[in-house]
Amino acid sequence: MERRSYGLPGIPDWDRCAVMGIVNVTPDSFSDGGRWSDPGRAVDRGLMLAAHGADLVDVGGESTRPGAERVPEEEELRRVLPVIRALSAAGVLVSVDTMRASVAEAAVDAGARLVNDVSGGRADPAMASVVARTGVPFVVMHWRGQSGRMDELAHYDDVVAEVIGEVGRQLDAVVAAGVDPSRVIVDPGLGFAKRREDDWALLAALDAWGVLGRPLLVAASRKRFLGELLADPGTGAPRPARERDAATAAVGVLAAAQGAWAVRVHEVQATADAVRVEAALRRRGAQPAAASPRRGG
Ligand code: PMM
């Protein structure tokens, strides 16, 4: 995929893959469950991620781990709004990770400049029209159903073609509901109704997303397929979530080399450095994905 300028309103045009840091204001996320569930700690975390080089900070109040229960709307609002207000007031570019139109709207009022909906507008029929009204960019992620039934929905014949096709149709649906197509960001939804081999197949083919002509967000951070890759050779136990950050940074650089617009990560520093290395090489004309000619022939 070509790296190019997308002119997303309210979002700078970085000359490299951007880094979105994650603040989950939740007691139960698979990857960092409970660590930032207090709003004061969540704000400090967001400021730290920005200091580490995050270009955006994604604030969410509802866990989407497989099997997670939905959180009531009032509780979601109570979790995310003070954090979004404080981070935005401190000059951090904030996105809100929510499947609820009401939360998206309140978050934009509180300063969020992007709406990241893991359901791409499918969980709440009001989402697309609310996003259209706010005018902020919108992430349409590949999604087949709520977390409770995600694993049973993970069936594909050609995962790359099917996921891109389904996201393309959802893009058409949100545009029909009034969202300006030039504001949509797409995301393969790694780990959402995907088996481990589906995640790898999607990561190997990020180039194919060029057909949609939209910026691509890739969120592999600490996900299960990385834990399984790095499983303990003795016991076979997956590597714990918080020990997957080096692998996450490796995915970041490979996604950047395939033209991803942004990567979404829990620990920012290593990935922020890695995408800068990729950009420096690319600016010198290097093609990290291409094989180099053999010497001495
Ligand atoms: N994954 C999670 C949450 N939000 N948003 C987008 N756009 N893409 C994702 O793959 C995604 C997401 C899963 O939970 P986490 O917050 O612990 O990574």
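## Aspartate 124

In this predicted model, aspartate 124 is buried but forms no salt bridge. Arginine 100 carries the nearest side chain of opposite charge, at a distance of 6.3 Å. A salt bridge requires a nitrogen of Lys or Arg within 4 Å of a carboxyl oxygen, so this pair does not qualify.

The residue belongs to the loop that connects β4 (114-117) with α4 (127-134). Within that part of the chain, the side chain of aspartate 124 reaches the backbone nitrogen of alanine 126 at 2.9 Å. Apart from neighbours within four places in sequence, aspartate 124 is in contact with Met99, Arg100 and Ala101. Arginine 100 is thus listed among the contacts of aspartate 124, although no salt bridge is formed by the aspartate.

## Histidine 266

Histidine 266 occupies the loop between β8 (262-265) and α9 (268-283). Its relative accessibility is 4%, and histidine 266 therefore counts as buried. The side chain of histidine 266 is joined to that of serine 221 by a polar contact of 2.6 Å.

## Helix α2

Helix α2 comprises 17 residues, 73-89. From the first C-alpha to the last, the helix reaches 24 Å, close to the 24 Å expected at 1.5 Å a residue. There is nevertheless a bend of about 25° at valine 80, and proline 82 follows within four residues. Beyond the helix comes glycine 91, whose phi is positive, near 90°.

The buried residues of α2 are Glu76, Leu77, Arg79, Val80, Leu81, Val83, Ile84 and Leu87. Valine 80, the site of the bend, is thus one of the buried residues. An α-helix has 3.6 residues a turn, so residues three or four places apart point the same way. The buried residues of α2 pack against two helices, α1 (39-51) and α3 (101-109), and against the strands β2 (56-60) and β3 (94-97).

## Glycine 145

Glycine 145 is placed in the loop between β5 (138-141) and α5 (159-176). With a relative accessibility of 6%, glycine 145 counts as buried, because the cut-off for that class is under 20%.

Leaving aside neighbours within four places in sequence, the contacts of glycine 145 are with Met150 and Leu153. Glycine 145 and alanine 193 are separated by 48 residues in sequence, while their C-alpha atoms are 7.8 Å apart in space.

Definitions and conventions: Residues numbered from 1 in each chain as written. Predicted model: local features only at pLDDT ≥ 70, side-chain atom pairs only at ≥ 80, totals over all residues. Heavy atoms only, no water. Buried < 20%, exposed > 50% of the residue type's maximum accessible area, 1.4 Å probe, protein only. Lys, Arg positive; Asp, Glu negative; His and termini not counted. Polar contact = N/O pair within 3.5 Å; in protein donor to acceptor, adjacent residues only side chain to side chain. Contact = heavy atoms within 4.5 Å. Expected span 1.5 Å × (residues − 1). Bend = angle between axes of the 7 residues up to and from the residue.
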